[in-house]
Amino acid sequence: MLSSPLRTFSTLSYNSRHLRLRLRRPNPSLSFRSFSVNMSAAAHTQPIEHVVLFKVKDGLDSSKVNDMLTGLNGLISLDQVLHLTAGPILRNRSSSSTFTHLLHSRYPSKEDLSIYSAHPAHMNVVKQFVLPICDDIMAVDWVADALKGPVVAPPGSALRLTLLKLKENLGEEVKSEILEVIAGLREKLGPNVQLTVGENFSPARAKGFSIASIAIFPGPNELEAATSDQEMVELQKEKVREYMESVIVVDYVVPPPQTASL
């Protein structure tokens, strides 16, 4: 969301347009389970995940925060955006995280993400509503390899974001092993949970966090039930702990769509 703007706008390629036609936004009123069935045509697509974490200044007037969220959510109207949601973080699971708000969005390609980032509407929201009220911002981007299920996370669904900062000088084999460990949770989480994981390709605003994953559950209760499975949690931690320098884990619930658009 806050990557460096391009000097000139590039045009959408045929492949981006073609992919967007296959990934039209589904009706958010449908259930998460029905998406998993009806979006089978998108089972092997590779859209781009884009997540931004914000720390809003303490003691800020709530109207300014609402203006920021309205502006960010209005960016869903841009042609490059497949999915976008922004709102308050439900819970910081790691003591190192002090972020207060989150934006999660998806794009057909890296090119679409770049065009979105440089779009005047996006730049205006960042300049007018985001930067003046935030003490800290970080962003990560990765390819959602073989995304299965909905491109759009329905309102009320619960999202678990995990970011890993790895120790220095780890080889590609180690990174691949970590990605495989996290991806392996798909089978344990079950068919109603969507999980994507990948290596961040936009390091400038990522604060050294290089591995990112998002697990999307039908709702907060399902998230709590899955993550209270200590055996599963410990299994994942044991396999990656020796390689980690630090971790950020936050939970977020997708709010109802806003009517404002840009």
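Here is a short walk through two sheets and the helices around them, in a model that is predicted.

Let's begin with the sheet that contains β1. Four strands make up this open sheet, and reading across it you meet β2, β4, β1 and β5 in that order, with antiparallel pairing. The edges belong to β2 and to β5 (134-143), each of which pairs on one side only. From one strand to the next, the twist averages 10°.

It is worth pausing at each edge. Strand β2 covers residues 83-88, and 5 of its 6 residues are buried, so the strand is mostly covered. Its link to β4 (residues 101-107) consists of 6 bridges, with the two strands running antiparallel. If you would like a landmark there, find glycine 87, which stands opposite leucine 102 in β4. At the other edge, β5 is joined to β1 (residues 48-56) by 9 bridges, again in an antiparallel arrangement. Here leucine 53 faces you as a handy marker: methionine 138 in β5 stands opposite leucine 53.

Next, turn to a pair of helices. Helix α4 (residues 110-118) packs with helix α5 (residues 120-130), their axes 5 Å apart and at an angle of about 55°. The two helices are therefore oblique to each other. On the α4 side, Tyr116, Ser117 and Ala118 make the contact, while α5 contributes Pro120, His122 and Met123. Sorted by class, the contact has 4 nonpolar and 2 polar residues, and no charged ones.

Now for the other sheet. This one is open too, with 5 strands in the order β3-β9-β6-β8-β7 and antiparallel pairing. Its edge strands are β3 (91-92) and β7 (194-199), each pairing on one side only. Within the sheet, look for β6 (residues 158-166) alongside β9 (residues 244-253): 9 bridges join these antiparallel strands. One place to spot the pairing is arginine 160, whose bridge partner in β9 is aspartate 251.

Which helix packs on this sheet and touches β3, β6, β8 and β9? That is α8 (residues 220-227), whose direction makes about 45° with that of β6. Helix α6 (residues 172-183) also belongs in this part of the picture, as α6 lies across β6, β7 and β8 (211-217). The direction of α6 runs at about 170° to β7; because angles over 145 degrees count as roughly antiparallel, α6 and β7 can be described that way.

Conventions:
Residues numbered from 1 in each chain as written. Predicted model: local features only at pLDDT ≥ 70, side-chain atom pairs only at ≥ 80, totals over all residues. Heavy atoms only, no water. Pairing = 2+ DSSP bridges. Contact = heavy atoms within 4.5 Å. Axes fitted to C-alpha atoms, helices over the stretch in contact; angles between N-to-C directions. Buried < 20%, exposed > 50% of the residue type's maximum accessible area, 1.4 Å probe, protein only. Parallel < 35°, antiparallel > 145°, perpendicular 65-115°, else oblique. Nonpolar A, V, L, I, M, F, W, Y, C, P; charged D, E, K, R; others polar.
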